[in-house]
Amino acid sequence: MGHVLHGRHAEQAALGALVADALEGRSGALVVRGEAGIGKSALLDWTAGRAAAAGLLVVRVTGIEAEADLAFAGLVGLLWPLQSRLDDLPEAQARALHSVLGGPAAEEAPSDRFRIGLAVLTLLAELAVDRAVLCLVDDAQWLDRASVDALTFAARRLGADGVAMVFAARQEGFDAPGLAELRPGRLGADDAGRLLGAYGLAPALRDRVLAESGGNPLALREFAAAAPEGGRGEPLPVADRVLAAFRAQIAVLPERTQLMLLLTAAAGSAHVEAGPSGASGRSGASGHSGASDFSGPSGSSGVSVPSGGSGRDGRDLRAVLAAGKELGVGLDDLQPAERAALIRVTGAGIAFRHPLIATAAYRGMPMARRMAAHRALAGAADDPDTRALHLSLVTIAPDEETAAELVAAAERARLRTACAAAAHLYRQAAHLTPGPDERAVRLAEAATLALSAGDVDLAADLAGQSRSLTSEGPAPATAARVRAAVELERGDAGDAAAILVEAAGSAPVGVAAGMLRTAADYAWFAGMPDIVAVAADRLESLGRPDPAAHGMAALISGNHSQGVGLLRTAAREDGVPRMRAVHLGWIVGDDDATLAGAAEEVAMCRRYGLVGALPDALQALAQIQVVAGLHRDAEASVAEAAAIARDTGLRRRAGQLDTVLARIAAIEGDEERCLELTRHSTATGRVAADTMLSLLDLGLGRPQEALDRLLAARSGPGGHAGVLMGATGDLVEAAVRAGAPEAAREPLRGLREWSAAGGQPWALSMAERCLALLTDDEAHFARAVQLHEGTSRPFERARTELLYGEWLRRERRRADARGLLGPALETFERLRARPWAERARAELRIAGGSAATPAAADLLDRLTPQELQVVRLAADGASSREIAAKLFLSPRTVEYHLYKAYPKLGVSSRRELIRLTLA
């Protein structure tokens with residue numbers, strides 16, 4: 001039986017509620033965080049017992065300090081017993097997990113590090129179809145980064161699945177933003193006294209233990225068991241005093257016992273033992289789970305072997321025994337440690353009573369002994385990654401042979417998308433690399449992988465180290481690309497462009513061309529026309545002219561005809577990345593191509609589980625959805641992109657997504673929301689934010705403010721931005737309404753040239769509308785309305801109808817005016833464009849028309865963004881499983897969203913939903 005928990009009523013209530021929710025089909029996750037010995041593992045053991053008694057399936061893993069850099073070590077420990085269920089997953093996800101576990105199709109490694117997290121999400125949800133699941137992760141601060149990414153991604157995205165996840169972690173070393181936390185405190189005097197009651201200490205000794213332990217449960221037990229008779233020297237943190245106590249217990253053991261304990265700890269195989277009731281340890285899945293009678297308040301850890309002695313745990317134990325044979329020790333030498341209750345040796349393996357005992361066994365030994373242990377373990381290792389890690393710990397001076405083994409291990413980790421582990425291995429390899437040039441190359445690779453893992457600060461540091469070593473070879477260019485990406489991540493695309501242009505001067509021609517193309521793109525969006533021009537000229541001089549860079553340079557110089565033509569050519573080139581084509585299409589205003597390209601990119605990301613790439617594609621899709629009048633769909637795209645960005649650590653994406661929503665808020669006249677969404681715009685996004693705010697000003701009847709804002713934006717460094725070209729209609733209307741038509745003439749000239757070059761009907765219509773405002777010529781109004789027929793920008797079309805209708809009403813042609821004002825009002829109401837609808841309604845009344853009561857809310861307005869996505873896919877005939885794979889959800893969560901959406905739409909089945917028209 002496990003120990004009784006004292007003073008943990010609130011924590012037990014929270015964990016019990018998590019289990020109860022899982023039984024009711026609701027998922028949830030908690031992080032139990034606290035210092036060593038505070039009782040985190042005891043709480044996990046209690047939760048496991050509670051869950052097993054209620055019939056939940058319990059799966060469990062414990063992080064291992066020495067395995068923190070071993071790619072997917074934690075996930076392997078968790079999923080090893082569940083391999084038979086992998087084939088239940090979608091094919092791409094099954095391949096992803098096989099690549100981790102080394103099963104079938106392992107050579108087909110995934111290309112996105114978050115796909116494995118998606119596969120974990122689906123696997124847990126599939127397990128929960130049979131019965132609710134409890135997933136316990138102990139010592140999460142020692143999990144490898146790849147496993148952390150996968151498990152926390154799943155924890156954040158589980159919904160109506162009946163899966164509970166609990167992570168226990170120290171104060172530092174485990175970052176899980178967005179997950180709720182429990183922080184068990186130290187025990188009060190009464191609870192601490194009750195815990196000590198079983199030890200029968202004399203009052204004076206009892207008081208000393210209470211004072212020394214500071215309310216830490218592990219310290220209370222260990223100090224009481226040791227029955228101290230004297231003081232403990234200088235004050236130390238409780239965990240350090242407990243560690244010192246364990247070291248003292250180990251120090252009195254025979255040397256051969258100490259060496260065997262060192263080998264066990266150094267092996268990095270501190271696996272929690274499976275208790276007699278089932279899987280209570282590092283790995284395993286069972287219908288029952290509970291602490292063994294040996295588990296202390298913080299659980300058990302040690303080397304364990306699954307039933308039959310197979311699997312990775314068995315390999316680890318064999319390695320310890322083989323290494324022990326090399327050093328002249330074996331299992332028999334562990335008997336004194338077992339009698340001292342530091343470990344337990346059974347047929348299932350070796351189990352340390354607490355991770356701090358393993359730490360004491362390792363750190364309490366001299367360096368020479370530790371190195372001998374790692375050398376023996378390296379020789380005994382039967383997998384190359386483990387061998388490389390042990391070798392790195394015994395290699396002090398530069399050694400190319402060891403460095404090469406670390407590089408090979410890093411490449412294997414890269415293939416499995418364990419980028420953080422690969423970065424660490426390359427970094428270790430660099431430190432052991434003899435020559436500065438090759439060291440620089442490996443540091444640059446480490447920087448690239450750290451960036452891929454989302455560790456921006458580490459990437460910057462490693463790139464800086466690489467840069468300082470050499471100015472020759474491939475390393476400087478690689479480091480420069482990392483430094484540029486870091487600056488982009490930090491929100492400074494201009495600095496990113498400058499870094500690339502500078503570094504391209506010493507890079508090989510092919511590499512330099514790629515860097516200059518990227519620099520031109522960055523500089524365009526950063527509002528740095530000089531760098532765009534420099535990049536275009538340098539590409540020309542390299543013999544690698546780039547139509548996109550030259551087109552952007554031409555647009556900046558005012559040559560709209562040439563610029564638009566080159567950009568359209570670039571967007572249609574064979575081999576152009578689809579997202580670059582999408583961005584180029586957006587610049588030239590090609591709505592159809594942009595919408596099609598963005599939709600195809602989103603579909604591709606969904607099909608192949610490219611989680612990390614999806615937010616960028618969704619943002620591009622949302623931008624074009626807004627101008628197409630699909631505001632609810634755009635909000636759904638943004639909501640999904642924001643959730644994935646949050647779940648994957650893509651911090652910079654949030655501000656860019658806010659800009660998309662800001663346009664909707666501006667159209668709707670929601671000033672408070674529009675200001676909030678644009679308040680934190682970066683320098684790169686400031687011009688776009690200004691166009692949203694000027695549209696808001698114009699709609700709310702503040703033409704002078706709108707004009708001033710747009711004129712300032714046009715005269716600034718981002719004055720060439722395509723978003724300003726699209727806002728020319730706002731500028732001209734603001735200028736006319738503010739009584740300053742001359743301010744609009746030059747912007748209109750640019751718009752006419754740009755629209756003529758592109759030939760897009762919406763742009764040509766806007767130019768005609770602007771001409772009509774400045775010339776008061778009805779022919780331009782009529783032409784504008786005609787050009788708008790069939791275009792994909794309903795808000796702009798309604799504005800043209802409104803302005804023409806106002807003109808007709810002033811000319812006393814009321815019947816003609818009503819024919820335009822009525823459709824404009826309908827469109828504004830559908831788009832919830834309140835200020836514009838009020839203006840159209842007022843004009844319609846003056847023209848003698850009947851301003852109908854505002855239309856009832858659209859059916860789709862009743863749905864949440866995620867419900868809308870699910871409903872649209874279900875209406876197209878997709879199954880719940882197919883929808884789940886597309887939206888990175890579980891099938892049960894999809895069913896939950898449909899269940900919530902049906903009554904809002906007035907339907908009761910998929911069949912009725914398919915018949916429903918969803919505009």
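Among contacts in the chain between residues at least 6 apart in sequence, what percentage join residues at least 24 apart? In this predicted model, the share of such contacts that join residues at least 24 apart is 66%. The chain holds 46 helices and nine strands, and of its 919 residues, 57% count as buried. The surface that the chain exposes amounts to about 35,600 Å², of which carbon and sulfur atoms supply 52%.

Confidence in the prediction was examined next. The mean pLDDT of the chain is 86, and 89% of the residues reach a value of 70 or more. Confidence is highest in helix 36, which covers residues 728-737 and has a mean of 97, whereas the lowest mean, 35, belongs to strand 7, made up of residues 301-304. The pLDDT is below 50 over residues 105-110, a stretch for which the model shows 12 contacts beyond near neighbours in sequence. The pLDDT is also below 50 over residues 269-315, and here the model shows 164 contacts beyond near neighbours in sequence.

Attention then turned to individual residues. Ser-466 is found in helix 20, which runs over residues 456-469. With a relative accessible area of 1%, Ser-466 falls under the 20% limit and is therefore buried. When residues up to four places away in sequence are not counted, Ser-466 touches Ala-440, Leu-443, Ala-444, Ala-475 and Ala-479.

The cysteines were considered with regard to covalent links. A disulfide is a covalent bond between the sulfur atoms of two cysteines. A search of the whole structure finds zero disulfides. Cys-605 is buried, with a relative accessible area of 0%, and Cys-770 likewise counts as buried, at 0% relative accessibility.

The aromatic residues were examined as pairs of rings. A pair of aromatic rings is described by the distance of the centres and the angle of the planes. The structure holds nine aromatic pairs, and one of these is formed by Phe-781 and Trp-807, whose ring centres lie 6.3 Å apart. The planes of these two rings meet at 50°, and because this angle is neither under 30 degrees nor over 60, the pair of Phe-781 and Trp-807 is classed as tilted. This pair links distant parts of the chain, since Phe-781 belongs to helix 39 (residues 778-788) and Trp-807 to helix 40 (residues 794-810), with their positions 26 residues apart in sequence. Phe-781 counts as buried at 1% relative accessibility, and Trp-807 is buried as well, with a relative accessible area of 8%.

Trp-807 also forms an aromatic pair with Tyr-804, which is tilted, with 6.4 Å from centre to centre and 45° between the planes. Tyr-804 and Trp-807 are three residues apart in helix 40, so about one helical turn separates them. Tyr-804 is buried, as is Trp-807. Through ring pairs, Phe-781, Tyr-804 and Trp-807 are linked into a cluster.

A further arrangement involves a charged residue and a ring. Arg-793 lies over the face of Trp-762, at a distance of 3.5 Å from the ring centre.

Methods. Residues are numbered from 1 along each chain as its sequence is written. This is a predicted model: local features need pLDDT of at least 70, side-chain atom pairs count only at pLDDT 80 or more; totals for chains, interfaces and linings use all residues. Side-chain values use heavy atoms; hydrogens and water are left out. pLDDT is the predictor's confidence in each residue, from 0 to 100. Helices (H or I, at least four residues) and strands (E, at least two) are DSSP runs, numbered from the N terminus. Contact means heavy atoms within 4.5 Å. Buried means under 20% relative accessible area, exposed over 50%, partly exposed in between (1.4 Å probe, protein chains only). A disulfide is a pair of cysteine sulfur atoms within 2.5 Å. Rings of Phe, Tyr and Trp (its six-membered ring) pair if their centres lie within 6.5 Å; planes under 30 degrees apart count as stacked, over 60 as edge-to-face and the rest as tilted. A charge sits over a ring if NZ of Lys or CZ of Arg is within 6 Å of the ring centre and within 35 degrees of the ring normal. Accessible areas come from the Shrake-Rupley method with a 1.4 Å probe; for residues, only the protein chains shown count as cover.
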